[in-house]
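Student: Could you take me through the packing of the nonpolar core in this one? I'd like a close look at that part alone.

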Amino acid sequence: RRVHGDIIKQYSNFVQFPILLDGERVNVIQPLWTKPRSAVTAAEHNEFYRFVAHAYEDPAYHLHFVADVPVDVKSVLYFPRSHTELDATFSTGGGVSLYSRRVLIAAKPTGLLPDWLRFVRGVVDSEDLPLNI
């Protein structure tokens with residue numbers, strides 16, 4: 001049961017319909033990138049950052065970005081207050097996750113952000129991405 005819940009949380013946590021496992025809702029975190037920028041509070045950003053970055057502190061800064069031409073892209077990026085990735089040879093993981101229609105496509109896609117932004121955490125979602133990338 002725990003393994004199934006972890007898999008659902010990893011790949012389908014942001015699906016718009018409730019996913020129940022043994023009568024308990026598994027996908028409880030709201031996808032902030034789908035909401036209007038003005039409708040998201042600082043507390044919601046802090047909670048979401050802690051979820052996606054597996055962090056215990058609040059982010060220093062966040063960027064809520066939406067574009068619809070030529071490709072529909074919605075994203076929320078967070079810049080942590082501090083990071084331990086001081087050189088390019090050491091990486092703690094994390095990073096920016098790539099979603100298509102709220103379903104995880106790649107947890108750590110290469111080439112999405114340049115290496116010098118490896119400390120940035122967040123989500124990029126696009127409904128225009130083909131699912132075979």
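Tutor: Here is a walk through the core and its aromatic rings. The model is predicted, so local features need pLDDT of at least 70 and side-chain atom pairs count only at pLDDT 80 or more, while totals for chains, interfaces and linings use all residues. Residues are numbered from 1 along each chain as its sequence is written, and side-chain values use heavy atoms, leaving out hydrogens and water.

The largest nonpolar core (buried Ala, Val, Leu, Ile, Met, Phe, Trp, Tyr and Cys joined through side-chain atoms within 4.5 Å; buried is under 20% relative accessible area, with a 1.4 Å probe and protein chains only) has 15 residues. F14, L32, W33, F48, Y78 and V123 have the most contacts inside it. Helix α2 (42-53) and strand β4 (73-79) each supply at least two of its residues, with α2 giving the most, 4 residues. Helices are DSSP runs of H or I, at least four residues, and strands are runs of E, at least two.

Now zoom in on F48: leaving aside residues up to four places away in sequence, F48 touches F14, I29, Q30, L32, W33, Y78 and V123 (contact means heavy atoms within 4.5 Å).

The rings join up too: ring pairs (centres within 6.5 Å; planes under 30 degrees apart are stacked, over 60 edge-to-face, the rest tilted) link F14, W33, F48, Y49, F51, Y78 and Y99 into a cluster. The whole structure has 10 aromatic pairs. One of them, W33 with Y99, is tilted, at 5.6 Å centre to centre and 40° between the planes. W33 sits in the loop between β2 (24-25) and α2, and Y99 in strand β5, so this pair ties together parts 66 residues apart in sequence. Both W33 and Y99 are buried.

Notes: Buried means under 20% relative accessible area, exposed over 50%, partly exposed in between (1.4 Å probe, protein chains only). Rings of Phe, Tyr and Trp (its six-membered ring) pair if their centres lie within 6.5 Å; planes under 30 degrees apart count as stacked, over 60 as edge-to-face and the rest as tilted.
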